[in-house]
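Here are some notes to read with the structure open beside you. Take the points one by one and find each place on screen as you go.

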Amino acid sequence: MSQAAIGLANGVVILVRGDLSKDKTIKQKVIYEGEEPITGLGFREQTKSTILFIVTTSSIMSYNTTAVKPSITILDEQGCGLGCAVMNDAQEMVVGRDEAIYLYDPTGRGPCFAYDTPKSSLTWFKSSYLVIVSPPVTTSTHLSSGARASLSFNPKRTSTNELTKIAIFDTANKFVAYVGTFLGGIRGIFCEWNSIWVVGMDGKLYHLDEKDTPTKLEILFKLNLYVLAINLAHIQKYDDASIAEIFKKYGDYLYNKGDFDGSMEQYIRTIGQLEPSYVIRKFLDAQRIYNLTNYLQELHSKGLANADHTTLLLNCYTKLKDVSRLDQFIKTDTDLNFDLETAISVCRLAGYFEHAVYLAEKFQEHDMYLDIVIEDMKNYETALAYIKKLGPYEADRNLQKYSKTLLTHLPHETTNLLIELCTGVLPLATVNNNSTVFGSGPKSPTPSDNNTRALSHLPFSGSGGETASIFSDQSGPTLHNGSSNNHTPTLSRLAQTKSAAGRLSYQPPSPRKFMPAFVDRPDCLTTFLESVFEKLWGVSSGPLSPSPTSESTAISPSVSHKNGDLNKSAGEKIWSLQEQEERKTIWNTLLELYLMDDMESTKEPANPRERQKRKREFRQKALTLLQDESVQYDTNQALVLCQLKQFDEGIVYLYEKTGMYTDILRYWMEKGGTDRVIEGVRRYGPKDPSLYPMVLTYFSSTPEVMAKSTQELHSVMKHIDEKDLLPPIQVVQALSRSNVATIGLLKGYIGKKIEHERRELKQNEELIESYREETDKRRKEIEELQTSARIFQVQKCTGCEGTLDLPAIHFLCRHSFHQRYKKTSTKLIFVNIFI
């Protein structure tokens with residue numbers, strides 16, 4: 001202790017400096033002289049100074065004892081009585097007046113506590129208790145007879161019938177912790193050993209002990225002083241669970257009183273400790289929905305809400321029609337802790353589609369976004385634009401689900417998007433500001449399958465020049481070159497490569513999976529398949545207007561007879577079996593579309609002339625398609641289709657392709673196409689002579705046919721006659737099946753046949769006569785050889801035609817040879833002669 005201050009009744013304050021404990025040099029100085037007596041002094045030690053509070057009966061002052069030029073500063077113009085000023089643990093001067101208790105610091109008067117009672121002395125206990133002693137009062141004057149009787153006065157001490165009241169005030173919690181009365185007055189109060197000791201005038205010593213905290217709380221609960229209980233629990237550093245239990249009791253108390261707003265404030269403070277269902281059950285009434293909304297919102301802000309809480313909160317917003325709070329809940333924070341799918345579903349059911357779409361787009365819930373935009377909002381343009389931004393994988397998956405609906409309302413735009421997807425030119429996934437959708441944007445705060453799907457969109461660069469499919473094995477067949485690789489679904493989905501142009505590409509999905517979506521728009525399906533066929537395989541069925549007979553509009557490069565074999569072999573090397581199957585499927589579908597009725601093939605109105613023109617063009621394209629030798633299509637299937645659609649040119653072409661010339665003529669006969677039958681006989685007759693007999697009956701079937709084909713009938717009969725295809729009797733029988741053919745028609749044919757028969761008969765008779773003469777001659781020679789000698793006068797060798805040398809060999813047949821031929825070539829010469 002280096003300083004001490006002494007206040008005197010005459011108003012003088014003496015400051016003593018020095019080490020009083022070691023009796024060193026002590027310096028004394030009068031620092032204040034006043035007229036009022038000094039009633040209180042107290043030091044306040046600060047970082048760089050020491051302040052002395054001086055209290056008189058009429059003022060309160062401060063004095064800086066460490067200042068170079070110290071001076072007195074008046075803090076208040078009112079003072080206090082003797083003993084009514086004391087320093088607290090915060091080094092503040094506590095001054096007690098009859099109306100209140102005031103606290104002072106070097107800057108002036110601070111907080112005060114209203115406690116209206118006379119005060120004779122103040123004593124500070126522990127950190128927050130202020131012991132207030134009131135002046136003694138006489139029992140006869142201030143107490144009634146009943147009160148005096150209850151105090152059990154000692155008859156021997158009737159002279160000391162004074163009553164002194166002691167109150168202990170808790171300055172931290174601002175309540176009176178104890179009030180007691182003592183008869184005979186008190187001599188003094190001191191605080192030691194964590195207790196208050198009261199010395200009475202009668203020589204007794206009273207001991208006041210502080211109750212433990214649980215007992216204090218129980219007392220406060222009984223008095224419904226929950227605020228004090230909460231403050232006390234905080235001061236005693238209770239854990240959160242214990243404090244939350246006090247808040248719960250306080251909330252229950254206010255709820256039972258009908259103060260629902262106040263009770264909700266207390267229940268909100270129990271979040272994290274108290275089960276939310278306890279509070280929610282209390283406020284499910286429609287009249288208390290506003291309070292329930294506040295509680296649920298706080299529950300979400302602390303990240304402790306589940307899907308049911310989210311559903312209930314959004315239902316509260318919708319019931320209250322509080323769009324501003326709904327906007328704040330959904331749109332303000334970027335990382336709200338709520339179940340995303342539940343929030344979207346509730347907003348959707350309540351009709352708040354914009355909020356549902358906002359959440360779905362923000363957290364990349366593509367399925368929910370498109371479902372709401374298409375099914376609820378009917379905003380097909382937005383949905384189509386959104387799908388295009390998703391990239392190939394998501395676009396493929398969502399178009400399989402929504403393509404039919406989109407084609408109904410936006411046929412051309414949807415068809416173009418499908419063409420881009422199936423031809424491999426759809427841009428990779430992008431969002432606003434040209435940033436990739438994978439890895440950008442906020443993530444859903446709740447882990448779910450829909451949210452972790454975003455991980456599957458991370459770009460992955462495949463190695464090598466071969467393009468791997470971005471689609472899993474479950475996404476349907478894909479078009480690829482070479483042998484199939486065994487990728488996992490995730491890797492298969494992510495694989496990407498760079499095309500020759502340097503842009504990222506992907507393996508397009510199969511067009512077959514989207515064909516059912518065009519059930520109501522076959523005209524769009526035609527456009528779709530034509531574009532895919534052209535862009536995937538570099539061939540085209542040609543535009544609608546140009547003639548398909550030109551080489552530039554041929555469906556396949558192998559249509560040209562000059563380079564057909566070369567292109568066909570090239571196609572076999574390039575196109576895999578799967579691609580060939582794809583081409584075959586698209587070919588069959590296109591053929592069916594080309595042969596569709598005009599009213600079936602388009603929904604757009606057109607005048608009759610335009611419809612006929614379109615039909616002719618489609619039929620011509622169908623014929624060109626049939627002539628595509630690069631596609632190994634099923635001829636029987638194509639033939640059935642052409643027959644069902646009565647496509648004459650296609651039927652004839654397929655019959656001709658398969659060498660069924662008889663069926664071609666029979667088809668035209670059934671159709672009554674005499675000109676076509678005549679043309680067919682002329683064209684296919686040289687290849688199949690059996691056609692000529694078949695047409696005899698047809699040409700003579702009706703007068704009309706006979707009139708058109710008389711010349712051709714003569715030509716046919718002539719050809720039959722020249723080639724001897726039928727006996728005359730069968731020709732006559734064929735022509736006689738109707739009454740159309742006349743004798744005059746057959747006169748020339750029959751005359752020629754009779755004349756021919758006569759000539760043959762005459763020739764046969766002449767031949768018979770020559771045979772008879774030859775026979776007679778041979779018989780005579782035989783008889784001559786048997787009965788007479790033969791003279792040989794031959795001079796030349798029959799074998800070498802040289803002069804016959806002796807010895808020689810002679811035969812009865814008048815042939816002679818050198819003898820030297822006997823061993824070498826006699827047999828050969830003999831054979832040559834007699835063969």
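**Notes on the predicted model**

1. Let's begin with a single pair: V94 stands opposite L103 in strand 10. Keep in mind that this is a predicted model. The two strands involved are strand 9 (residues 93-96) and strand 10 (residues 100-105), which pair in the antiparallel sense over 4 bridges. Strands of a sheet pair through backbone hydrogen bonds, and they can do that parallel or antiparallel.

2. Now zoom out a little. There is an open sheet of 4 strands here, in the order 8-9-10-11, with antiparallel pairing. Which strands are at the edges? They are strand 8 (85-87) and strand 11 (108-114), and each of them pairs on one side only. From one strand to the next, the twist averages 25°.

3. Go back to the start of the chain for a hairpin, made by strand 1 and strand 2 with 4 residues between them. In the turn, G11 has a positive phi of about 90°. Strand 1 (residues 3-7) and strand 2 (residues 12-17) run antiparallel and are joined by 5 bridges. If you want one bridge to look for, G7 has V13 in strand 2 as its partner.

4. Next, a pair of helices. Two packed helices are described by the angle between their axes and the distance between the axes. The axes of helix 6 (residues 260-268) and helix 8 (residues 289-301) come within 10 Å and cross at roughly 15°. Because angles under 35 degrees count as roughly parallel, helix 6 is roughly parallel to helix 8. Their crossing is right-handed. On the helix 6 side, the contact is made by F260, D261, M264, Y267 and I268; on the helix 8 side, by N291, L292, N294, Y295 and E298.

5. Y295 turns up again in the largest nonpolar core, which has 116 residues. Which members touch the most others? Y295, L370, F528, L591 and L626 do. Helix 19 (residues 522-537) gives this core its largest share, 7 residues. Apart from it lies another core, of 15 residues, including F175, F221, L228 and I246.

6. Have a closer look at L370. Leaving aside its neighbours within four places in sequence, L370 is in contact with E375, A383, Y386, I387, L390, N398 and Y402.

7. Last stop: helix 11 (residues 340-349). Its buried residues are L340, T342, A343, I344, V346 and C347. After helix 11 comes G351, with a positive phi near 90°.

How values were computed:
Residues are numbered from 1 along each chain as its sequence is written. This is a predicted model: local features need pLDDT of at least 70, side-chain atom pairs count only at pLDDT 80 or more; totals for chains, interfaces and linings use all residues. Side-chain values use heavy atoms; hydrogens and water are left out. A nonpolar core is a set of buried Ala, Val, Leu, Ile, Met, Phe, Trp, Tyr and Cys residues joined through side-chain atoms within 4.5 Å. Buried means under 20% relative accessible area, exposed over 50%, partly exposed in between (1.4 Å probe, protein chains only). Contact means heavy atoms within 4.5 Å. Two strands pair if DSSP finds at least two bridges between them. Axes are lines fitted to C-alpha atoms, for helices over the stretch in contact, and angles run from 0 to 180 degrees between N-to-C directions. Angles under 35 degrees count as roughly parallel, over 145 as roughly antiparallel, 65 to 115 as roughly perpendicular and the rest as oblique. A crossing is left-handed if the near helix is turned anticlockwise from the far one by less than a right angle, and right-handed if clockwise.
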